[in-house]
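Dear colleague,

Please find below the structure that I am handing over to you. I would be grateful if you could look through it before reading the notes.

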Amino acid sequence: MTEISGKAAVVTGGGSGIGAGLARRLAAEGARVAVADILLENARRTVAQIEAAGGEAVAVHVDVCERESIRAMKDAATRALGPVQLVFANAGATSFTPLIEMSDEDVEWILHVNLLGTTFTTKAFLPDMIAAGGGHICATASMAGLLPGWIPVHAPYSAAKAGIIGMMMNLAMELKPHNVFTTSYCPGAVASGMKENNGTYRPSRFGGPEAKAEVTFATTDTTHSSLRFYHPDDIAPIVLNAVRHNRPFVFDHADQRRFFRETYSSVVEACYDDIEAWEAAHGLPEANPYGAALKQD
Ligand SMILES: NC(=O)c1ccc[n+]([C@@H]2O[C@H](COP(=O)([O-])OP(=O)(O)OC[C@H]3O[C@@H](n4cnc5c(N)ncnc54)[C@H](O)[C@@H]3O)[C@@H](O)[C@H]2O)c1
């Protein structure tokens, strides 16, 4: 179990949408919360909501695309609240533009803010978590990372979010001896500021805020569950419950359970036949404890 009450927590991207919902819920459950965002005014707004409800929070500026800024956020959060044991690496931005039409800077931005931003945020807080004897990292990935066939025109975003899932699952093994756990939250569709504000988050090193800020969704199929939006305050308790129980994943949109099963069972059924036939004919490759060095003839 991961206790939430009494802990210091940080939520990146806490100024809006899912992150603001997580920050409010963390405070309601008794955590002290550093609300970190590239738009400091929005982080302050979340802090004011938390304080009005009787919780404890502090607003901190961060651009997760800058390692120095992440270190400064970590120092500010720790000074204000003590060592942080709950990290919600949630800041992110999206794109629904075909890869071929994206500028190279936008491709770099989407990969950087989502994947490297999460990676360096995680890395910055790990030493303190380990020193404190435990902690939890919950990274906001996406259904677009877990099921990249779910919604189209999302290539670099899907790649970055799949990368987050890979990192969280792999880190779980590395961090288990330290009592630090990981969770990938894979939102399907949650009402947030992203549709209107996405482009305003683009840091200057990737070209600065975009004129065309609004995100256009890639589907108009109203039966597609990506067009049914949860409220962040409905989802936050579900995410925190998964963290409390150290679950590796959190999902929304229960109907995706079927799509998830179909996607992966069809991959398993379709893609192992050739190698199974090869192994039946030749046997298994020899075990080699020294690695797979290829013998050159
Ligand atoms: N809303 C959804 O349906 C949905 C679906 C899948 C994944 N997600 C993921 O959820 C997370 C939160 O997004 P949201 O939907 O709440 O959108 P949002 O736009 O409301 O929130 C994103 C927050 O991240 C902040 N941010 C952006 N770039 C930043 C940077 N470089 N440094 C620090 N902060 C930065 C923004 O200022 C904003 O407050 C993102 O990682 C997003 O990819 C959302």
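The notes below cover the ligand shell, three helices and two loop residues.

Please bear in mind that this is a predicted model.

The ligand is surrounded by 32 residues, of which G13, G17, G92, S192 and G193 come nearest. By type, the shell around the ligand holds 15 nonpolar, 15 polar and two charged residues. Helix 1 (17–28) and helix 7 (194–197) each contribute at least two residues to this shell, and helix 1 gives the most, with three.

Helix 1 also packs in a defined way with helix 2 (residues 40–52): their axes come within 10 Å and cross at roughly 25°. Angles under 35 degrees count as roughly parallel, and the two helices are therefore described as roughly parallel to each other. The crossing of helix 1 and helix 2 is right-handed.

Helix 9 (residues 256–271) comprises 16 residues and spans 22 Å from its first C-alpha to its last, close to the 22 Å expected. The number of buried residues in helix 9 is zero, so this helix lies largely in the open.

Two residues deserve a look for their backbone angles. Most residues other than glycine have a negative phi. N179, however, is not a glycine and has a positive phi of about 65°. N179 sits in the loop between helix 6 (155–175) and strand 6 (180–186), and it counts as partly exposed, with 16 C-beta neighbours inside 10 Å. H253 likewise has a positive phi, near 60°. H253 is placed in the loop between strand 7 (249–251) and helix 9, and is partly exposed, with 19 other C-beta atoms within 10 Å.

With kind regards

Technical notes
Residues numbered from 1 in each chain as written. Predicted model: local features only at pLDDT ≥ 70, side-chain atom pairs only at ≥ 80, totals over all residues. Near = placed C-beta within 6 Å. Helix = DSSP H or I, 4+ residues; strand = E, 2+ residues; numbered from the N terminus. Nonpolar A, V, L, I, M, F, W, Y, C, P; charged D, E, K, R; others polar. Expected span 1.5 Å × (residues − 1). Buried ≥ 20, exposed ≤ 12 C-beta atoms within 10 Å, placed from the backbone. Axes fitted to C-alpha atoms, helices over the stretch in contact; angles between N-to-C directions. Parallel < 35°, antiparallel > 145°, perpendicular 65-115°, else oblique. Left-handed = near helix turned anticlockwise from the far one by under 90°.
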